[in-house]
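Q: Could you take a close look at how one pair of helices packs here, and then put that pair in the setting of the rest of the chain?

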Amino acid sequence: MGSMFRSEEMVLCQLFVQPEAAYISMYELGEAGIAQFRDLNPHVNDFQRRYVSEVRRCSEMERKLRYVGSELPEPPPPPKPSPTVLSPREINILEERIDYIESEIQEITRNAQNLKNDYVSLKELKLLIEKTQTFFQDHSHHRKISASVQVYNNEGVLGHLGFIAGVVATPRVPSFERMLWRISHGNIFFKQAQIDEPLKDPVTGHELQKTVFVVFFHGEQIKLRVKKVCHGFQATLYPCPATYKEQQEMLAGVENRIKDMEIVLEQTEQHRRLVLANIARDISTWMVVVRREKAIYHTLNMFSMDIVKKCLIAECWVPKCDLPILQKALDNGVKQSGSPIPSFLHHVPTREIPPTFNRVNKFTRGFQNLIDSYGIASYREVNPALYTIVTFPFLFAVMFGDIGHGIIMTAFAAITIILEKSLAKKKTDNEIWNIFFGGRYIILLMGIFSIYTGLIYNDIFSKSLNIFGSGWRNVYDNETLMRHKTLELDPATAYTQTPYPFGLDPAWQFASNNIIFLNSFKMKLSIIFGVIHMAFGVTMSVVNFNFFKKSYMIYLQYIPQILFLLLLFWYLCILMFMKWTMYSAVATDPAYGTSCAPSVLIIFINMMLMKKSEVKPPCSLYMYEGQEALQRSLLAVAFLCIPIMLFGKPVYQMMAEKKKKKYQQGVESGEVTEAGGHEGGMGEVLITQAIHTIEYVLGTVSHTASYLRLWALSLAHAQLSAVLWQRVLRMGLGGAVPAGSLLVYATFAVWAFFTLAILVLMEGLSAFLHTLRLHWVEFMSKFYEGQGYAFVPFSFAAILESEDDELAPHAGAAPE
């Protein structure tokens, strides 16, 4: 949890590693994931680095494994635990095996492709023979004309007519026929018949609609033209006998060949499935091994080579608490490689800003991602994620307060958490699901807090729960109740003066002024929560000032800022509490009765404008004695804080710079150097500080008003829930007995759909985005810089996770 409060302390280390021990040491560092290496060869081309041949070798093996994975009919099983380190001999054996498997799969695929092409050709020839038998019959005179046809080079000649038969794609038939007509000037006879059974393309597996055709022509010139047109339209030509007897003989032979081909295809496919099944058991493990090997050599290419000492030199950022792990990895590399020279670890002092690293677990990772989306924290500054774990779901629940909707959200999150291990193994490219699953713990807390605020609002699907009994009682008799549609309850007589123990009194559910009451209540709560949230954000800057040893900023920035915020807006919150406690329907003093309760907003506006309002007796102009003097004092002190915020920091920096120059002595002469300051530097500081001051002063007002979104979205959510109940579900519950029973099912389905789609999903997303804005702008802007850069260690887990989806999209893409 200490790492969540502030990022880890980082150390820049220089490593001196022997080349023979480098591979093993890098393997252990990749498993640990604790070091972010720097490229010490930024100007060296990638193809000129030391281990470029090893990287190419691993890339080639990875390419071959991806190809084999694309041929698998289904995703492979997860990888098995691999040995700690593979020796060069084991890597060579693995490479040879991958090469053999690739060539075997390619040969099997090529043979299967050729067999499928032959099978499709035989099917087309069979269908062509069956269709063309009708083309050689004169149906008008019912006589055979094929008897007088002579066969010459597989092309029929009828008297002086020749013919060509083949198969062409059905969509091309009209264009094909027109082209034949044009090139022959109408001196052809074209017959066609569409194949009813679609054929499968042996390459893509798609269904193809084809048509059998026969072209009768006269002369060799037209025959050559017809063949060119057939070639242009990608038509397949087949030899077709002219006599009926020869056609039957060929048809019988083709059918026998088709049966034999089907048997061969089945055996080939079984062999292919068997080979792929044997490969699928190990392909994921091989892919992990190859990717680790590639990552190691890619990282080793970032090292520089000391030619004199014959060792590799590396620089890396490491968390200070993980230095023993780094030293152990270096020692293990030397020990396992048998190198007589040990590897050395040296701390390098530097003024370079280290990367930011916050240790997270599966619970805190989602909240840390919310903060990192705004900006990576500056090195060692306060991390807002720790407090966001509580404030984010709470502010969300203020806008989403409903017991029923909170239970739905909590149940969904609880299911994903219970099944998270099995769900995490199912890799998917569905971004919406990945977002929900990644934020399952955030959704769980949002649901739990929504149940809590729903109990405070006493709201479950727009209905109230009367658990403890209402504090209001009925003061009218039955006759009066029957005679009037609405009646007013006087708090002096109808209220028992005993508040409802927890949450809102259920009597407000039936009140006609329910919205007016909730408006006032939720609006004031929004302002109170907003001021507390912003004051907490301003106070967090003190922690940064103390840590970075800028104690003067506490007096020149924090104190003026917090005074300006509290003297104006926390005083506004105090007035709200005073109004709630001082004014009552049973007050003995008429000046503190409900009719004299002042508007807190009007009092605040009059305070800022220094004006007075007119009141009628017996009401009092002020809520307490000395209110006017106190308000003027608060206003004066608040406005006096503005020049301190504006000029305090620039003046202090100017005085510190002068003091530094005054005592800066020359190294040789011992005289005071007259090194001039940066020209225009003070003006730049003043302009920057003026911008920050104006932003804070105006932002204090606008940010306080921005928290009213808590009230607006809460009210909208409650009213939408009430509309769905009254206009949808209530209609089904009020029907007659026979038809009403069926109507309940229909209306409940509609109500449940809109509850999930609108109130839970859409309203939940809206409340989430508004809560995110309140944290990013209103809260974090008070203390959070977010100018850092993330710590990206050399980690096998991170590398494999980022590349884990590469193999899955190709799985199952094998042609049928």
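A: Here is the helix pair, followed by the rest of the chain.

A quick word on ground rules: this is a predicted model, where local features need pLDDT of at least 70, side-chain atom pairs count only at pLDDT 80 or more, and totals for chains, interfaces and linings use all residues. Residues are numbered from 1 along each chain as its sequence is written, and side-chain values use heavy atoms, with hydrogens and water left out.

The pair is α2 (residues 19-32) and α8 (residues 323-337), whose axes come within 8 Å and cross at roughly 140°. That makes α2 oblique to α8. Helices here are DSSP runs of H or I, at least four residues, numbered from the N terminus. Axes are lines fitted to C-alpha atoms over the stretch in contact, with angles from 0 to 180 degrees between N-to-C directions. Under 35 degrees counts as roughly parallel, over 145 as roughly antiparallel, 65 to 115 as roughly perpendicular, and the rest as oblique. The α2/α8 crossing is right-handed, i.e. the near helix is turned clockwise from the far one by less than a right angle.

Who touches whom? From α2 come Glu20, Ala21, Ile24, Ser25, Glu28, Leu29 and Ala32, and the α8 residues they meet include Ile325, Leu326, Lys328, Ala329 and Leu330. Contact means heavy atoms within 4.5 Å. The residues of this α2 and α8 contact divide into nine nonpolar, five polar and three charged. Nonpolar covers Ala, Val, Leu, Ile, Met, Phe, Trp, Tyr, Cys and Pro, charged covers Asp, Glu, Lys and Arg, and the others, Gly among them, are polar.

Another pair is α10 (residues 385-399) with α22 (residues 709-733), with axes within 7 Å and a crossing of roughly 50°. α10 and α22 are therefore oblique to each other too. Leu395, Val398 and Met399 in α10 meet Arg709, Leu710, Leu713, Ser714 and His717 in α22.

As for the setting, UniProt's unreviewed entry puts "coiled-coil region" at residues 91-125 and 244-271. Residues 91-125 are 100% helix, with end C-alpha atoms 51 Å apart; residues 244-271 are also 100% helix, spanning 41 Å between end C-alpha atoms. UniProt positions use the numbering here, feature names are shortened, and annotations may be inferred rather than shown by experiment.

On confidence, mean pLDDT (the predictor's confidence in each residue, from 0 to 100) is 86, and 91% of residues reach 70 or more. Residues 138-159 stay under 50.

Notes. Helix = DSSP H or I, 4+ residues; strand = E, 2+ residues; numbered from the N terminus.
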